[in-house]
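Welcome, and thanks for taking a look at this one with us. Here is a short briefing on a helix pair and on some charged side chains.

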Amino acid sequence: MKKHASFAQELPLIVWLVLVWGSLWRDFSGSNLLFGALIAIVVTRLFYLPPVELSGRFNILYAIAFGARFFGKVVAASVDVFWLAVTRGPHIRNAVVAVQLRSSSDFIVTATGHTLTLIPGSLVVDVDRSTSTLYLHCLNVETTHDADAIRREARLTEAQIIRVLGSREELDRLRQENA
């Protein structure tokens with residue numbers, strides 16, 4: 001039997017689950033949120049989940065830049081996917097591209113994977129936790145140059161996430177790499 005995390009460690013997860021509960025029911029009344037909190041506490045106590053270790057830092061300026069870049073990438077990729085669908089249809093070459101990330105943090109790897117999946121034209125199909133490698137299924141990959149461009153974009157996304165909420169050590173490694 002594994003040891004459960006303390007209530008204080010699980011509080012962010014419980015708050016998140018309560019917000020999801022309210023969103024799913026479209027009801028943020030006190031009684032509904034209280035019931036959601038009870039369910040969240042039961043779920044976190046009944047089922048073991050490894051604790052998510054956060055770095056304790058958040059940079060709002062990098063978050064704004066990340067949000068703007070993400071929104072721009074979503075719009076541009078949506079137009080690109082639409083154009084490819086209209087002009088080339090089923091004759092698009094796809095590929096699965098392996099991207100080795102810098103961070104070994106489950107939180108950073110997951111955030112990077114979700115961000116890349118939300119951008120049209122790519123989808124995370126597998127993650128190798130031991131090597132922090134994402135496997136992305138991507139549209140319109142015809143050459144190794146295209147695959148390298150996807151890797152660069154994925155690592156740039158990871159770098160931005162590290163700047164927003166990565167640990168001090170990850171941020172220092174990123175700065176040394178870019179120096």
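The notes below go from helix packing to salt bridges.

Please keep in mind that this is a predicted model. Two topics stand out for a first visit: the crossing of α4 and α5, whose axes come within 9 Å, and the salt bridges, of which a search of the whole structure finds eight.

**How α4 and α5 pack**

- Helix α4 spans residues 106-118 and helix α5 spans residues 144-165; their axes cross at roughly 130°.
- Because angles from 115 to 145 degrees fall between roughly perpendicular and roughly antiparallel, α4 counts as oblique to α5.
- The hand of this α4 and α5 crossing is right-handed.
- On the α4 side, the contact is made by Phe 107, Ile 108, Ala 111, Thr 112, Thr 115 and Leu 116.
- Facing them from α5 are Ala 154, Thr 157, Glu 158, Ile 161, Ile 162 and Leu 165.
- Sorted by class, the α4 and α5 contact holds eight nonpolar residues, three polar ones and one charged one.

**Salt bridges between distant parts of the chain**

- Glu 153 and Lys 73 join their side chains in a salt bridge, with an N to O distance of 3.1 Å.
- This pair ties helix α5, home of Glu 153, to helix α3 (residues 60-87), home of Lys 73, and the two residues are 80 residues apart.
- Both partners are partly exposed: Glu 153 has a relative accessible area of 30%, and Lys 73 has a relative accessibility of 30%.
- Glu 142 and Arg 88 form another salt bridge, at 2.7 Å from N to O.
- Here the link runs between two loops, with Glu 142 between β3 (133-138) and α5 and Arg 88 between α3 and β1 (95-100), 54 residues apart.
- Glu 142 is partly exposed at 39% relative accessibility, and Arg 88 is partly exposed with a relative accessible area of 27%.

**A salt bridge within α5**

- Asp 148 and Arg 151 meet through their side chains in a salt bridge of 2.9 Å, N to O.
- Both residues belong to helix α5 and sit three residues apart, about one turn of the helix.
- Asp 148 counts as partly exposed at 34% relative accessibility, as does Arg 151 at 30%.

**A linked network**

- Which residues are linked in a network of salt bridges? They are Arg 102, Arg 155, Glu 158 and Glu 177.
- Glu 158 brings the two topics together, since it appears in this network and also among the α5 residues that meet α4.

Terms used
Residues are numbered from 1 along each chain as its sequence is written. This is a predicted model: local features need pLDDT of at least 70, side-chain atom pairs count only at pLDDT 80 or more; totals for chains, interfaces and linings use all residues. Side-chain values use heavy atoms; hydrogens and water are left out. Axes are lines fitted to C-alpha atoms, for helices over the stretch in contact, and angles run from 0 to 180 degrees between N-to-C directions. Helices (H or I, at least four residues) and strands (E, at least two) are DSSP runs, numbered from the N terminus. Angles under 35 degrees count as roughly parallel, over 145 as roughly antiparallel, 65 to 115 as roughly perpendicular and the rest as oblique. A crossing is left-handed if the near helix is turned anticlockwise from the far one by less than a right angle, and right-handed if clockwise. Contact means heavy atoms within 4.5 Å. Ala, Val, Leu, Ile, Met, Phe, Trp, Tyr, Cys and Pro count as nonpolar, Asp, Glu, Lys and Arg as charged, and the others, Gly among them, as polar. A salt bridge is a side-chain nitrogen of Lys or Arg within 4 Å of a carboxyl oxygen of Asp or Glu. Buried means under 20% relative accessible area, exposed over 50%, partly exposed in between (1.4 Å probe, protein chains only).
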